[in-house]
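Welcome to a short guided tour. Open your viewer, get ready to select residues by number, and follow along one stop at a time.

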Amino acid sequence: MSRHTYITTPIYYVNDKPHIGHAYTTTICDVFARFMRFDGDDVFFLTGTDEHGIKIEKSAQARGISPQALADKNAKEFKAMMAQLQLGFDDFIRTTEARHVRQVECLVGRLRASDAVYLGEFEGWYDEGQEEYHTETRARDLQYKSPVSGAPLVRAREKNYYFRLSAFQKPLEELFERCPDFVRPPARRNEVLGQLRKGLQDVPMSRTNFTWGVPMPGDPEHVIYVWIDALMNYITALGLAEPDGDAYRRRHAYWPPAYHVIGKEILWFHAVIWPALLMALELALPECIYAHSFWIRDGQKMSKILGNFIDLKTIESYVDRYGLDTWRYYMATKGPLGATDADFSSAHFHEIYTTDLVNTLGNCASRVTAMIGKYVNGVVPTESPGGTRIAVGNHDWPAICQQAVADAQRAMRRFELASSIGSAIGLIRRVDGFINLTEPYKIAKDKTRGDELGAILYQCLEAIRIGSLLLWAVMPQRMNQLWEAMGLSIDPTTDRLTTLSAWGGLEVGRRVQRIALFPRIDAPLEADASSCRQPTAESREAT
Ligand code: ME8
């Protein structure tokens with residue numbers, strides 16, 4: 001039976017339009033989901049939209065429409081973005097859907113019935129934009145300003161239902177000790193653990209100052225705090241609160257998640273509040289909260305005020321010029337997956353396209369397929385004339401490829417996308433080096449060395465084939481083109497990476513066409529840098 005692997009993105013707020021941040025998180029999850037599925041896992045990939053809360057209510061008011069109408073309109077935009085970028089989720093959950101609301105009521109009802117929730121009065125420092133309370137110490141650390149928008153924190157007082165987060169201090173500290181990979185990367189783990197050790201306070205679970213949300217079961221004057229409602233999407237999508245339901249039957253085995261992939265700004269909710277809620281609900285905990293950093297723009301933070309977010313239109317202009325697979329490659333290999341922010345620049349994008357894709361992958365595939373056309377009549381030659389493999393220059397290609405596959409698999413399972421993809425690109429670089437070393441174009445002039453020439457070309461093409469399997473998840477369209485040129489029919493939804501990547505899978509005698517995968521492009525796409533400088537009417541309105 002194959003391993004269940006559940007991966008989620010945050011659910012995105014519908015008061016705003018999709019931008020590079022949303023595209024980024026969803027893209028890296030898509031790359032992971034495709035790879036793991038090809039590698040034999042039974043993957044469930046969830047994304048969606050976060051549609052309740054005061055922020056949405058206010059945005060809708062400002063536009064003179066109902067919150068539901070705003071949510072419908074923008075959820076559609078998020079779905080359109082995902083379709084356009086060919087992001088293949090298994091489900092898109094919206095928190096206004098009946099299946100979600102029903103289950104949130106049920107889960108919160110369960111929490112209320114336990115000792116984990118009580119009615120109390122609270123005063124604290126509140127970040128209105130993020131709908132988040134901060135403790136006195138944290139507020140002081142933040143100089144009483146929102147870490148996200150920079151707006152002053154306000155002193156707020158409320159009679160609310162509270163979640164007894166303080167009761168989970170010890171279990172959470174133990175969790176962090178027991179599972180050092182519970183939060184990654186390590187810098188984020190240390191940060192959140194440091195914060196956790198300063199002591200936990202109970203957190204409000206309900207609000208009374210607005211109505212756009214899920215009513216508190218048994219006390220409809222209160223609306224369930226949007227973050228509690230939102231976090232629960234990860235379990236409601238699987239139908240976990242309705243064990244008699246169809247969703248539960250089909251999906252419950254995916255719990256717990258392998259990865260909740262999020263941006264670093266929402267780490268506290270996911271690494272502290274969420275596991276505590278799950279403990280209170282007696283549900284298994286996710287294996288890893290992966291909190292990536294931010295894309296920044298030409299050295300500056302992207303913000304609505306500066307209007308320098310890379311929006312969907314800008315993304316489209318990159319996709320039009322370089323192709324969707326290049327966009328995915330850049331997101332997956334140069335994005336802010338680690339502890340530091342990544343600067344998006346047109347020049348860097350262009351440089352990566354040229355060095356990795358045009359000069360390395362494209363050039364190597366075209367070089368090898370061209371030599372096969374020229375020297376061996378466009379047909380895959382054998383590396384074992386008379387039944388004995390020829391190892392040219394002592395290159396043990398089967399072992400080299402096996403290592404690259406194992407490295408790529410291991411890295412992807414750990415959500416180290418750049419390293420996984422890097423193993424494949426490294427393999428291609430070795431092919432290039434092998435060609436330079438063995439010089440098949442010279443050997444071709446010597447009629448007595450035909451066997452050696454055949455072996456070299458077979459080994460080059462076979463290593464490219466194996467590298468292409470590892471690159472399919474990030475560049476599905478181009479790898480399909482490559483396979484077509486190599487006369488291969490591969491279906492990654494049913495074929496398995498491990499079987500296909502065994503050395504010798506490339507059949508001798510197959511017809512191969514010369515392929516040009518990545519056309520050279522003269523200059524970077526500069527237009528984006530200037531078009532993003534001025535705040536647009538829409539972004540001004542949204543702030
Ligand atoms: O926070 N770089 O939704 P949201 C990289 N609804 N990723 C970025 C980014 C950037 N500059 N900006 C945003 C919410 N992101 C809540 C989540 S989950 C239960 C509720 C990505 O629409 C990143 O994944 O503000 C971040 O966490 C997410 O978008 C925030 O999206």
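A nonpolar core is a set of buried Ala, Val, Leu, Ile, Met, Phe, Trp, Tyr and Cys residues joined through side-chain atoms within 4.5 Å. Keep that in mind as you explore, and remember that this is a predicted model.

**Stop 1: the cores**

Begin by selecting Ile7, Trp327, Phe344 and Phe415. In the largest nonpolar core, which has 109 residues, these four touch the most other members. Next, colour residues 450-471: this is helix α18, and the largest share of this core, 13 residues, comes from here. Now pick Val14, Ile262, Ile273 and Ala276, which are among the members of a second, separate core of 70 residues.

**Stop 2: the ligand**

Which residues are closest to the ligand? Select Ile11, Thr25, Asp50, Gly263 and Trp295 to see them; in total, 22 residues surround the ligand.

Zoom in on three places here. At threonine 25, an N or O atom of the side chain is 2.7 Å from an oxygen atom of the ligand. At glycine 263, look at the backbone instead: one of its polar atoms is 2.9 Å from a ligand oxygen. At tryptophan 295, a polar backbone atom is 2.9 Å from a nitrogen atom of the ligand.

On its own, the ligand has 680 Å² of accessible area, and the protein covers 93% of it. To see where the shell comes from, colour β1 (4-13), α1 (20-38), α8 (226-231) and β11 (259-263), the elements that each give two or more residues. The largest share, four residues, comes from β1. Try colouring the shell by class, too: you should find 12 nonpolar, eight polar and two charged residues.

**Stop 3: helix α2**

Select residues 54-63, which form helix α2. Which of its residues are buried? They are Ile54, Lys55, Ile56, Glu57, Ser59 and Ala60. Add β1, β2 (42-50) and α3 (67-84) to the view, since they are included in what covers those buried residues. Just after the helix, click on glycine 64, whose phi is positive, near 70 degrees.

**Stop 4: glycine 48**

Finally, go to strand β2 and find glycine 48. Is glycine 48 buried or exposed? Its relative accessible area is 0%, so glycine 48 is buried. Show its contacts beyond its neighbours within four places in sequence: Thr9, Pro10, Ile11, Tyr12, Phe92 and Ile93. For a last look, select alanine 237, 189 residues away along the chain; its C-alpha atom is 9.8 Å from that of glycine 48.

How values were computed. Residues numbered from 1 in each chain as written. Predicted model: local features only at pLDDT ≥ 70, side-chain atom pairs only at ≥ 80, totals over all residues. Heavy atoms only, no water. Buried < 20%, exposed > 50% of the residue type's maximum accessible area, 1.4 Å probe, protein only. Near = heavy atom within 4 Å. Polar contact = N/O pair within 3.5 Å; in protein donor to acceptor, adjacent residues only side chain to side chain. Areas by Shrake-Rupley, 256 points an atom, 1.4 Å probe, with all protein chains shown as cover. Nonpolar A, V, L, I, M, F, W, Y, C, P; charged D, E, K, R; others polar. Contact = heavy atoms within 4.5 Å.
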